[in-house]
Amino acid sequence: MAKRDYYEVLGVQRGASDAEMKSAYRKLAMQYHPDRNPDNPDAEAKFKELNEAYDVLKDEQKRAAYDRFGHDAFEGGMGGAGGGAGFGGAGFGGFADIFDEMFGDFMGGRRGGNRRGSDLRYNMSITLEEAFRGKQAEIHIPSSVQCEECHGSGAEKGTDPVTCTTCHGHGKVRAQQGFFTIERTCPHCGGNGTRIEKPCKTCGGAGRTQKEKTLSVNIPAGVEDGTRIRLSGEGEAGSRGTPPGDLYLFLSIAEHPIFKREGADVYCRVPLPMTTAALGGQIEVPTIEGGRARIQVGPGTQTGKQFRLKGKGMSVLRSPARGDQYVEVAVETPVNLTKKQRELLEEFAGEQNEKTSPQSAGFFDKVKELWDDLRE
């Protein structure tokens with residue numbers, strides 16, 4: 001079967017830069033990597049084809065030869081010795097470096113296949129007051145933990161894992177094809193480099209068991225909605241004694257019945273009696289810390305007027321500073337009037353003029369002007 005054009009394999013143009021080729025290679029290598037497609041032989045074939053193409057095109061001299069002669073440039077052993085499995089092979093270093101760079105985190109950050117445990121996510125909802133003060137919370141996490149019987153080794157008590165005869169303890173095997181070499185996780189030991197001959201009866205050789213963990217978590221004052229807290233080493237236990245993953249705590253802040261938060265500031269809307277709005281006076285408003293604050297309202301205060309309470313807002317994360325609280329008043333129209341109250345209001349209405357209601361008078365003056373213009 002004829003080989004495909006290397007540029008076509010990578011999905012790039014012939015004049016592509018090194019950075020463009022590297023980016024294309026990374027994307028496709030992640031897509032077709034055998035560890036992500038264990039039951040797909042086509043993916044493994046594409047992965048090999050992809051590595052062959054990139055190994056040539058990333059090298060300036062090989063690329064120049066390929067651009068001039070095509071695949072014929074590497075016929076007749078130009079690229080190296082024939083196939084076979086083993087741990088030797090000159091020229092492997094370049095691919096190993098890019099493999100580690102790309103799949104280091106995916107494989108647990110360790111060559112040899114020792115994978116760390118999985119990371120866990122825990123969603124927690126807190127109140128706005130708890131976000132303001134901070135909180136010490138206790139959470140319960142169902143997770144896998146290190147087996148107490150075998151201490152994570154996976155082997156029955158009194159026995160030890162033995163070196164894998166396939167990879168000789170390396171955790172990976174290499175296959176050399178032409179001038180390039182491919183490294184894969186050992187299929188017999190799963191990358192551990194050792195095999196369990198007598199598995200632990202408690203964990204079945206996995207080195208970990210299922211258990212609910214109880215953790216104490218410190219939520220600092222000033223956290224915001226969507227804050228992520230990382231608890232190192234509190235994720236799932238790794239297999240056969242490898243390091244555990246991390247636990248990520250994602251916080252959401254419940255909606256508050258009175259306050260709304262914007263950054264470090266809080267806002268609230270307070271009803272204001274009509275008489276207080278007209279005559280002026282003092283009102284008390286709640287604060288996020290649970291206390292009260294007094295606000296002096298001037299005579300003739302209108303709906304929408306805002307008052308600022310400096311330093312009465314939210315805590316700021318990792319800072320002694322605090323935001324401000326903004327109070328917006330809404331003048332309340334009286335309801336359920338008594339006979340006397342109605343009479344007093346009617347008397348007031350009879351004496352009302354543009355001086356007592358300047359906004360209303362100004363508005364209707366503008367409306368009258370508009371009507372007069374329409375009549376003309």
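Hi everyone. Let's start on helix α2, where A19 and K27 are exposed on one side. Before going further, please keep in mind that this is a predicted model.

So what sits across from those two? In α2, the buried residues are M21, A24, Y25, L28 and A29. They cover an arc of only 130 degrees around the axis, so they share one side of α2. The general reason is familiar: an α-helix has 3.6 residues a turn, so residues three or four places apart point the same way. The length of α2 works out as well: its 15 residues, 18–32, should span 21 Å at 1.5 Å a residue, and the end C-alpha atoms are indeed 21 Å apart.

Now let's step back to the whole chain. It has 9 helices and 18 strands, and 35% of its 376 residues count as buried. Among contacts with a separation of 6 or more, 66% are between residues 24 or more positions apart. The accessible surface comes to about 22800 Å², with 48% of that belonging to carbon and sulfur atoms.

Here is one pair far apart in sequence: R116 and A237 are separated by 121 residues, yet their C-alpha atoms are 7.5 Å apart. R116 lies in the loop between α5 and β2, and counts as partly exposed because its relative accessibility is 30%.

On to salt bridges. How many does the structure hold? There are 21 salt bridges. Take E148 and K211, whose side chains meet at 3.7 Å, N to O. E148 is in the loop between β3 and β4 while K211 is in strand β8, so this pair ties together parts 63 residues apart in sequence. E148 is exposed, at 64% relative accessibility, whereas K211 is partly exposed at 46%.

The loop between β3 and β4 also holds E156, which pairs with K201 in the loop between β7 and β8, 45 residues away. In that salt bridge the closest N and O atoms are 3.0 Å apart. Here E156 is partly exposed, at 27%, and K201 is exposed, at 71%.

A further salt bridge joins K312 and E289, again at 3.0 Å, N to O. This pair links the loop between β15 and β16 to the loop between β13 and β14.

Last stop, the surface. M274, L337 and L345 form a nonpolar patch there, with about 200 Å² of accessible area together. Within that patch, L337 is found in the loop between β18 and α8, and its 31% relative accessibility makes it partly exposed.

That's my tour; thanks for listening!

How values were computed: Residues are numbered from 1 along each chain as its sequence is written. This is a predicted model: local features need pLDDT of at least 70, side-chain atom pairs count only at pLDDT 80 or more; totals for chains, interfaces and linings use all residues. Side-chain values use heavy atoms; hydrogens and water are left out. Patches are made of residues with over 30% relative accessible area and no salt bridge: like charges are joined within 9 Å, nonpolar side chains (Val, Leu, Ile, Met, Phe, Trp, Tyr) within 5 Å. Accessible areas come from the Shrake-Rupley method with a 1.4 Å probe; for residues, only the protein chains shown count as cover. A salt bridge is a side-chain nitrogen of Lys or Arg within 4 Å of a carboxyl oxygen of Asp or Glu. Helices (H or I, at least four residues) and strands (E, at least two) are DSSP runs, numbered from the N terminus. Buried means under 20% relative accessible area, exposed over 50%, partly exposed in between (1.4 Å probe, protein chains only). The expected span of a helix is 1.5 Å times one less than its number of residues. The arc is that of the directions from the helix axis to the C-beta atoms. Contact means heavy atoms within 4.5 Å.
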